[in-house]
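Reader: Hey, got a minute? I'd like to talk through the aromatic side chains in this one.

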Amino acid sequence: VQNLPPLDGGHYQLWATFFRFNKPDGGDSPTHEGEFVSIGEFKVMDDGTLRSLNGTSARFSLPSGRNPQLLKDVVIAVQTDFDHGFAQTDDEEPGSILIGGTFHGSAAKAIADLSISYADAFRTSFSSVSGKCTITCPTSPADSNSGVWFIEPGALPTAGLKNLPSLPQGWRYEGWVVSRPTEQPPVYYSTGKFLRADSADFDGAGPNRGSDTTRTGFNFPGQDFVQGAFHPNLTSELLSFMVTIEPFPDDSPSPFFLTLLRKTATLPVGRTFTLQNVLANSTPTARVIVER
């Protein structure tokens with residue numbers, strides 16, 4: 001694996017599917033795709049090595065009775081430790097599928113190269129995604145420097161995130177304000193999780209929005225930071241803004257490692273900023289080899 005970091009609150013799991021044959025009227029017919037079958041669970045350590053969940057060297061094997069000649073594809077999924085009542089936390093089926101690939105090879109060896117673009121993963125490389133964010137505070141105009149929204153301003157604001165693909169089940173986007181971005185560790189403040197660029201995120205203007213209930217946030221992703229302990233002046237502080245791709249469910253207060261868009265840590269100039277597409281810097285890949 002490459003660019004696959006340790007997880008906070010979960011582990012990875014390798015899953016495969018197999019071709020299955022029907023035999024109507026006594027003859028073999030072309031394949032039907034089978035269910036996902038676990039090949040092994042693992043954690044990635046700080047030094048990049050793969051370990052089993054009990055700390056020994058990671059081991060991967062096909063379950064008894066599965067024919068390696070009928071392997072179709074393989075995926076790596078994020079299995080979270082967060083139980084929201086509907087989450088697949090028992091590892092009976094894949095959680096949030098991260099990367100995948102189809103097997104190719106010979107009767108002796110099968111090879112699959114895994115990427116985020118695979119059909120069972122994200123189906124895209126996200127390379128065409130671009131975005132802007134704007135410092136504004138619609139729920140408390142007097143605190144206009146204390147909110148950030150993924151919009152392009154105008155008489156009628158428009159979506160600041162462009163070419164944002166629909167995410168598969170098990171994933172959501174999330175916006176962030178990063179305080180002290182040049183220090184370790186930086187401090188992260190979520191601006192909310194969302195699925196679309198052209199509608200509000202799941203917590204609207206956020207829990208720390210202005211107290212005037214007659215004022216609403218924009219119908220786009222964003223957050224106002226007025227009433228809580230974090231009441232920033234976003235026009236004068238050294239901050240970074242970013243959008244990540246997060247597994248769902250996800251209770252982590254920190255971003256997942258799939259950073260899609262980011263504004264570099266510089267002092268703001270103006271109120272609207274262009275975000276750079278940086279996902280290629282953190283995109284994981286893997287190669288799976290099966291001796292048949």
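Reader: What does the charged end of Arg172 sit over?

Author: The ring of Phe202, with 3.9 Å from the charged end of Arg172 to the ring centre. Keep in mind that this is a predicted model.

Reader: Okay, and which ring has the charged end of Lys263 over it?

Author: That's Phe273, and here the distance to the ring centre is 5.4 Å.

Reader: Switching to ring-on-ring stuff. How many aromatic pairs are there?

Author: The structure has 13 of them. One is Trp149 with Phe218: the ring centres are 5.5 Å apart and the planes meet at 85 degrees, so this pair is edge-to-face, as planes over 60 degrees apart are.

Reader: Where do Trp149 and Phe218 lie?

Author: Trp149 is in strand β10, while Phe218 is in the loop between β15 and β16, so the pair ties together parts 69 residues apart in sequence.

Reader: And Trp149, buried or exposed?

Author: Buried, at 0% relative accessible area. Phe218 has 23% relative accessibility, so it counts as partly exposed.

Reader: What about the pair of Trp171 and Phe256, how are their planes set?

Author: They're at 55 degrees with the centres 5.8 Å apart, so that pair is tilted. Trp171 belongs to strand β14 and Phe256 to the loop between β17 and β18, so parts 85 residues apart in sequence are tied together. Both residues are buried.

Reader: Which residues form an aromatic cluster with those two?

Author: Phe122, Phe126 and Phe257 join Trp171 and Phe256 in one aromatic cluster.

How values were computed. Residues numbered from 1 in each chain as written. Predicted model: local features only at pLDDT ≥ 70, side-chain atom pairs only at ≥ 80, totals over all residues. Heavy atoms only, no water. Phe/Tyr/Trp six-rings, centres within 6.5 Å; stacked < 30°, edge-to-face > 60°. Helix = DSSP H or I, 4+ residues; strand = E, 2+ residues; numbered from the N terminus. Buried < 20%, exposed > 50% of the residue type's maximum accessible area, 1.4 Å probe, protein only. Lys NZ or Arg CZ within 6 Å of the ring centre and 35° of its normal.
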